Amino acid sequence: MALERTFSIIKPDATRRNLTGAVNAMIEAAGLRIVAQKRVHMTRAQAETFYGVHKERPFFGELVDFMISEPVVVQVLEGEGAIAKYRDVMGATNPANAADGTIRKAHALSVGENTVHGSDAPETAAIEIAQFFAGNEIVG
Ligand code: GDP
């Protein structure tokens, strides 16, 4: 399996509850390396761009309002098969369906306030990383 990078967000429900370190511990325990990280308060325009693929969905407004409600921590994670591995570590979108040992099972509050984002494919990972990080901010 190839060394990959994926884009992660620790969402407002987690930063609000001071869970950045707890989430990072689960990421690192899974063998993923945090090669870039910063805390930002997204603008509405940034959140609308980031979740543009969902703009026709009924929850889009709620999702954008949530993502700009508090600071988030944006990250680049690196590892063998990092994209699929992080999706496994995150767990199902709805925490009610998330497996034991996953971040969302441990910490998510609801299908909306679900603690973390992770890219779903190499193409989206590249686009998402480039929205928040310059190349020289990623140190593997
Ligand atoms: P993910 O890839 O597991 O994050 O899930 P999706 O790409 O399907 O959805 C993106 C994000 O939209 C989710 O992580 C949730 O934060 C949010 N979301 C998805 N479904 C719902 C919903 O039914 N209601 C609300 N409020 N938010 C949702």
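**Entry 1: Arg17 and Asp13**

I opened with Arg17, which comes out partly exposed at a relative accessible area of 31%. This is a predicted model, so I keep in mind that side-chain atom pairs count only at pLDDT 80 or more. Arg17 forms a salt bridge with Asp13, and the closest N and O atoms are 2.7 Å apart. Asp13 is buried, with a relative accessible area of 0%.

**Entry 2: the other salt bridges I looked up**

How many salt bridges does a search of the whole structure find? I got 6. One of them joins Arg5 to Glu78, with 2.8 Å between the closest N and O atoms. This pair ties together distant parts of the chain, since Arg5 sits in strand 1 and Glu78 in strand 3, 73 residues apart. I checked both ends: Arg5 counts as partly exposed at 34% relative accessibility, while Glu78 counts as buried at 14%.

I then turned to Glu113, which forms a salt bridge with Arg16; here the closest N and O atoms are 2.9 Å apart. Again distant parts of the chain are linked: Glu113 lies in the loop between helix 6 (103–107) and strand 4, Arg16 lies in helix 1, and 97 residues separate them. Glu113 is partly exposed at 27% relative accessibility, and Arg16 is partly exposed at 41%.

**Entry 3: Lys11**

Next I went to the loop between strand 1 and helix 1 (12–16), where Lys11 lies. Which side chain of opposite charge is nearest to Lys11? I found Asp13, at 6.6 Å; Lys11 is buried yet has no salt bridge. With a salt-bridge cut-off of 4 Å, the 6.6 Å to Asp13 does not qualify.

What does the side chain of Lys11 make a polar contact with? I noted the side chain of Asn114, at 2.7 Å. Leaving out residues up to four places away in sequence, Lys11 touches several others, among them Tyr51, Phe66, Met67, Arg104 and His117.

**Entry 4: His117**

That last name led me on to strand 4, where His117 is found. Is His117 buried or exposed? His117 is buried, because its relative accessible area is 10% and buried means under 20%. The side chain of His117 makes a polar contact with the side chain of Glu128, at 2.9 Å.

I also listed the contacts of His117, again without residues up to four places away in sequence: they include Phe7, Ser8, Ile9, Lys11, Tyr86 and Glu128. For a sense of distance, I took Ala92: His117 and Ala92 are 25 residues apart in sequence and 11 Å apart in space, C-alpha to C-alpha.

**Entry 5: the sheet**

Finally I stepped back to the strands. In what order do the 4 strands form the open sheet? I read the order as 2-3-1-4, with antiparallel pairing. Strand 2 (33–40) and strand 4 (116–118) are the edge strands, each pairing on one side only. On average, neighbouring strands are turned by 20° against each other, direction ignored.

Helix 7 (residues 122–132) packs on this sheet and touches strand 1 (3–10), strand 2, strand 3 and strand 4. The direction of helix 7 makes about 55° with that of strand 1.

I closed with one strand pair. Strand 2 and strand 3 (residues 72–80) pair in the antiparallel sense over 7 bridges. Lys38 stands opposite Val74 in strand 3.

Methods
Residues numbered from 1 in each chain as written. Predicted model: local features only at pLDDT ≥ 70, side-chain atom pairs only at ≥ 80, totals over all residues. Heavy atoms only, no water. Pairing = 2+ DSSP bridges. Helix = DSSP H or I, 4+ residues; strand = E, 2+ residues; numbered from the N terminus. Axes fitted to C-alpha atoms, helices over the stretch in contact; angles between N-to-C directions. Contact = heavy atoms within 4.5 Å. Buried < 20%, exposed > 50% of the residue type's maximum accessible area, 1.4 Å probe, protein only. Lys, Arg positive; Asp, Glu negative; His and termini not counted. Polar contact = N/O pair within 3.5 Å; in protein donor to acceptor, adjacent residues only side chain to side chain.
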